[in-house]
Amino acid sequence: MFQLTQLRCFVAVATELHFGRAATSLSMTQPPLTRQIQLLEHEVGVRLLERSGGSVRLTPAGAVFLREAEDILRRSEAATLDARRGP
């Protein structure tokens with residue numbers, strides 16, 4: 001099962017289309033970010049990002065996964081806020 005941290009990493013890279021900028025936005029270095037993306041792709045079982053010649057782009061599967069990942073992150077944040085508000 002993938003982790004929310006991996007989803008946050010994926011969304012950052014998919015938004016920036018650049019590993020360096022995504023790492024900076026997440027306050028982390030590029031090697032751990034790359035590792036999180038690799039682990040996520042392994043868990044999902046499909047390549048989500050196409051990397052070539054320094055450029056990054058979403059694969060068709062990555063574009064579908066991005067929409068779902070953003071929804072999961074939104075729902076996770078909403079659940080946290082709802083729990084803090086209480087019944």
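## The hairpin

Strands β1 and β2 make a hairpin with two residues between them, and Gly53, sitting in that turn, has a positive phi of about 55 degrees. Bear in mind while looking at it that this is a predicted model. The two strands, β1 at residues 49-52 and β2 at residues 55-58, run antiparallel and are joined by four bridges.

You can follow the pairing residue by residue. Ser52 faces Ser55 of β2 across the hairpin. Elsewhere in the pair, Glu50 stands opposite Arg57 in β2.

## The overall layout

Stepping back, the protein chain holds four helices and two strands. Read from the N terminus, the order of elements is α-α-α-β-β-α, with β1 and β2 of the hairpin as the β-β part of that string.

As for dimensions, the C-alpha trace spans about 50 × 25 × 20 Å along its principal axes. The chain has 87 residues, and 30% of them are buried. Take the contacts with a separation of 6 or more: 52% of them come from residues 24 or more positions apart.

## Where α1 crosses α3

Helix α1 covers residues 4-16, and it packs against α3 at an angle of about 110 degrees, the two axes being 9 Å apart. An angle from 65 to 115 degrees counts as roughly perpendicular, so that is the label α1 gets relative to α3. On the α1 side, the residues involved are Thr5, Gln6, Leu7, Cys9, Phe10 and Val13; on the α3 side they are Leu33, Gln36, Ile37, Leu39 and Leu40. Sorted by type, the residues of this contact come out as eight nonpolar, three polar and no charged.

Gln36 is a nice one to click on here. It belongs to helix α3, which takes in residues 30-44. Gln36 has a relative accessibility of 18%, and because the cut-off for buried is under 20%, it counts as buried. Setting aside residues up to four places away in sequence, Gln36 touches Thr5, Gln6 and Cys9, and those three are among the α1 residues that meet α3.

## Leu33, with no exposed area

Leu33 is another α3 residue, and it also takes part in the contact with α1. Its relative accessible area is 0%, so Leu33 is buried.

What does Leu33 touch, if you leave out residues up to four places away in sequence? The list is Cys9, Val13, Phe19, Ala22, Ala23, Leu26 and Met28. Of these, Cys9 and Val13 are also named on the α1 side of the helix contact. Ala12 makes a handy distance check: its C-alpha atom is 9.7 Å from that of Leu33, although the two residues are 21 apart along the chain.

## Glu41 and the start of β1

Further along helix α3 you get to Glu41. Is this glutamate buried or exposed? Glu41 has 11% relative accessibility, so it counts as buried.

So what does the side chain of Glu41 do? One of its polar atoms lies 3.1 Å from the backbone nitrogen of Leu49, and residue 49 is where strand β1 begins. Leaving out neighbours within four places in sequence, Glu41 is in contact with Val46, Arg47, Leu48, Leu49 and Arg51. Leu49 and Arg51 fall within the residue range of β1.

## Two loop residues with positive phi

Gly53 in the hairpin turn has a positive phi, and a couple of residues that aren't glycine have one too. Leu17 has a positive phi of about 55 degrees, and it lies in the loop between α1 and α2, the latter being residues 19-25. With a relative accessible area of 37%, Leu17 is partly exposed, because that value falls between the 20% and 50% cut-offs.

Ser27 is the other example, a residue other than glycine with a positive phi near 55 degrees. You'll find Ser27 in the loop between α2 and α3. Its relative accessibility is 71%, and since exposed means over 50%, Ser27 counts as exposed.

Note on methods. Residues are numbered from 1 along each chain as its sequence is written. This is a predicted model: local features need pLDDT of at least 70, side-chain atom pairs count only at pLDDT 80 or more; totals for chains, interfaces and linings use all residues. Side-chain values use heavy atoms; hydrogens and water are left out. Buried means under 20% relative accessible area, exposed over 50%, partly exposed in between (1.4 Å probe, protein chains only). Contact means heavy atoms within 4.5 Å. Axes are lines fitted to C-alpha atoms, for helices over the stretch in contact, and angles run from 0 to 180 degrees between N-to-C directions. Angles under 35 degrees count as roughly parallel, over 145 as roughly antiparallel, 65 to 115 as roughly perpendicular and the rest as oblique. Ala, Val, Leu, Ile, Met, Phe, Trp, Tyr, Cys and Pro count as nonpolar, Asp, Glu, Lys and Arg as charged, and the others, Gly among them, as polar. A polar contact is a pair of N or O atoms within 3.5 Å; within protein, one must be able to donate a hydrogen and the other to accept it, and residues adjacent in sequence count only if both atoms are side-chain atoms. Two strands pair if DSSP finds at least two bridges between them.
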